[in-house]
Amino acid sequence: MTSLDNFLAQALQERRENNLYRTRKMLDTAQGVFVVVDGKPCLSFCSNDYLGLANHPEVIAAFKRGADRYGVGSGASHLVSGHSRAHQQLEEELAAFVGRERALVFSSGYMANLGVISALMGKGDYVFEDKLNHASLLDAGLLSGARFQRYLHNDVDSLQKHLQKVESGTKLVVTDGVFSMDGDIADLPALAATARQHDAWLMVDDAHGFGVLGKHGAGTLEHIGMTSHDVPILMGTLGKALGTAGAFVAGSKDLIEYLIQFARTYIYTTALPPALAEATRASLKLVQEDTARRERLHNNIGEFRETAAQLDLRLLDSHTAIQPVLIGDNADVMRISTVLQQNGFLVGAIRPPTVPAGSARLRITLSADHTHDNIHRLLEAVRGVMRG
Ligand SMILES: Cc1ncc(COP(=O)(O)O)c(C=O)c1O
């Protein structure tokens, strides 16, 4: 055995022993409420396709039209020759929807976060992040080379304490809008006030709020009533409620122009396929016009929480599409999710390092396309397995 073979075998063995080993499930169907996974039909409660747009006929038709017009690959990075009219139109429509001067489309949310934070921040600067921020934000803070500090979850006093210790340097506060593994909403009014008080910039990653929250679906900021004055840097993803792929950053004209010049994950990568931009334009239109979808989703969230309470299931304080059931132990959560899958229910089992040690959980996600009957059946099954 070479030293590489040894290293790999040992790391994989440790992963197994700690019940942290990850495997991939294979889908034979489109994303949706009913999926075929590893050859077996299942009712799915673990995708981020909150509005059921990933397989929507109008989104698919736009994707096909986009491929007919632009072909498949974009052929180059945005700054060379990969920036199509479809990308441009999508950016303009996203900016108008979230009420900002401009938006910039990235190939993924991970890349958007890495690109923005490492373009804005560097040595001698300070990045402050919520402990439960998404991994891409945490990685971005580390990669930026700035001093990186994490404050207690959604705790403005903890952020204050960190900020008070800083005498000079540029400061950036970064938070998820809706926390991806807990489903709770950031206390944006308090965060914005604190950031302003310390002359720090505020960035919100609204991957799980965009399309879902707010009267028009524009996200957490619309839901809470905050403007670009409060949150100058807004990031959203397109692979969740919008059902396609990619991400965007929205803000002032100069912010976007700066990112075009300096965000390395924007500059040094092939532009996402223009057909995908066309598909996203169709899904953005549905988010704005088909408001009944969002209403159905929120009605399902209410039904889920009420039924879970009647069944004495312990939920977190979440009023979004992410409804975790806290289990604690890694082996327990794996056992429960495996039995659920055997019974035809697909639910995410989330373990460290995605969540803190000792807080393994079922991450149940709801869709506008679930029926109340689907929800009741899932919850009965969860209660049955947890008691068994
Ligand atoms: C809060 C948050 N930010 C960023 C991302 C990354 O987005 P993407 O999947 O488009 O890379 C995700 C999930 O994937 C997320 O949950």
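Which helix gives the most to the shell around the ligand? Helix α5, residues 109-120, does, with three residues. Helices are DSSP runs of H or I with at least four residues, strands are runs of E with at least two, and both are numbered from the N terminus.

## About the model

This is a predicted model, where local features need pLDDT of at least 70, side-chain atom pairs count only at pLDDT 80 or more, and totals for chains, interfaces and linings use all residues. Residues are numbered from 1 along each chain as its sequence is written, and side-chain values use heavy atoms, with hydrogens and water left out.

## Around the ligand

The ligand has 13 residues around it. G109, Y110, D205, H208 and K240 come nearest. Here, a residue is near a molecule if one of its heavy atoms lies within 4 Å of it. The shell holds two nonpolar, eight polar and three charged residues. In this count Ala, Val, Leu, Ile, Met, Phe, Trp, Tyr, Cys and Pro are nonpolar, Asp, Glu, Lys and Arg are charged, and the others, Gly among them, are polar.

Now look at single atoms. A polar side-chain atom of D205 is 2.5 Å from a ligand nitrogen. For H208, a polar side-chain atom lies 2.6 Å from a ligand oxygen. Y110 uses its backbone: a polar atom there is 2.9 Å from an oxygen of the ligand. The ligand alone exposes 380 Å², and the protein buries 80% of that. Such areas come from the Shrake-Rupley method with a 1.4 Å probe.

## A small sheet

Three strands form an open sheet in the order β1-β2-β11, with mixed pairing. Two strands pair if DSSP finds at least two bridges between them. The edge strands, β1 (34-37) and β11 (345-346), each pair on one side only.

Strand β2 covers residues 40-44. Two bridges join β2 to β11, and these strands run parallel. S44 has L346 in β11 as its bridge partner.

## Backbone exceptions

Most residues other than glycine have a negative phi, and most peptide bonds are trans. N154 is not a glycine, yet its phi is positive, about 55 degrees. N154 sits in the loop between β5 (147-151) and α7 (156-164).

The peptide bond from P352 to P353 is cis, with omega near 5 degrees. P353 belongs to the loop between β12 (348-350) and β13 (360-365).

Definitions and conventions:
Polar contact = N/O pair within 3.5 Å; in protein donor to acceptor, adjacent residues only side chain to side chain.
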